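Student: Could we go through this structure together, beginning with the chain as a whole?

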Amino acid sequence: MLKIGLTGGIGSGKSTVCRLFAEFGVPIVDADLIARQLVEPGKPALSMIAASFGLQMLNRDGSLNRAKLRDAVFADVDSKRELDGIMHPLVYAQIAADVSALTAEYCVIAVPLLLESKNAYAMDRVLLVDCPVDAQIARVIARDKLTRQQVQAIIDSQMSRQERLSKADDVVENIASPEQLAEQVKRLHNSYILLATVRTQ
Ligand code: ATP
């Protein structure tokens with residue numbers, strides 16, 4: 001199966017683009033969703049996080065205190081590396097398991113930090129959802145009720161727009177109308193179907 005790794009900065013429109021692929025019946029594997037499921041109460045990853053970062057990372061009901069963990073790793077490179085060391089192998093293993101259970105010509109695997117990670121799970125193509133930084137900031141402020149400074153800090157911690165663009169095989173420009181976005185996804189869908197067909201011949 002052809003594996004399309006979909007990535008992009010915060011608020012670039014990854015979920016929006018995934019929904020458009022899903023409308024064509026394309027299976028979507030969502031790394032964020034997998035990561036959330038992996039840290040549910042009772043799951044090994046949650047115990048590993050508690051062992052590494054302390055029980056203060058858990059809420060009273062035993063669930064993960066996401067805000068605390070985010071604060072702990074955001075400003076500290078070593079802690080971030082430690083958390084990634086726990087989560088990345090588990091997330092990529094689950095992605096591989098989910099993909100192997102699929103039957104389709106191709107699938108879209110959404111990984112927000114695909115280009116930042118060592119691309120542990122080989123993608124056939126990397127599809128970037130791109131938009132100007134100003135649009136990213138405006139969308140995330142509107143959606144998440146964060147301040148401009150908070151959004152800017154997240155953007156600064158991620159790969160730059162130029163670097164992402166230089167590494168992507170395909171790009172969706174998410175700056176225009178929903179119709180133009182849908183048109184781009186339709187074109188990509190057709191080319192991925194073609195590519196999948198050529199590969200199996
Ligand atoms: P995150 O990285 O935070 O998970 P994302 O890349 O998945 O975000 P979306 O959630 O798809 O991005 O989009 C961010 C916000 O911007 C959403 O509220 C979405 O409705 C809005 N949005 C997406 N594309 C556009 C667009 N072309 N024009 C206006 N708003 C848009």
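Tutor: The overall fold comes next, followed by the ligand shell and the core.
Tutor: This is a predicted model, in which local features need pLDDT of at least 70, side-chain atom pairs count only at pLDDT 80 or more, and totals for chains, interfaces and linings use all residues. Residues are numbered from 1 along each chain as its sequence is written.

Student: How many helices and strands are there in the chain?
Tutor: The chain has 9 helices and 5 strands, which are DSSP runs numbered from the N terminus (helices: H or I, at least four residues; strands: E, at least two).

Student: In what order do the elements run from the N terminus?
Tutor: The order is β-α-β-α-α-α-α-β-β-α-α-α-β-α.

Student: Turning to the ligand, which residues are the closest?
Tutor: Gly 13, Lys 14, Ser 15, Thr 16 and Arg 139 are the closest of the 13 surrounding residues; a residue is near if its C-beta atom, placed from the backbone, lies within 6 Å.

Student: Which element gives the largest share of that shell?
Tutor: H1 does, with 3 residues. H1 and helix H6 (133-144) each supply at least two.

Student: And what about the largest nonpolar core, how many residues has it?
Tutor: That core has 27 residues. Such a core is a set of buried Ala, Val, Leu, Ile, Met, Phe, Trp, Tyr and Cys residues joined through C-beta atoms within 7 Å, where buried requires 20 or more other C-beta atoms within 10 Å of the residue's own.

Student: Which strand or helix gives the most to this core?
Tutor: S3 gives the most, 5 residues.

How values were computed:
A residue is buried if 20 or more other C-beta atoms lie within 10 Å of its own, exposed if 12 or fewer, and partly exposed in between; C-beta atoms are placed from the backbone.
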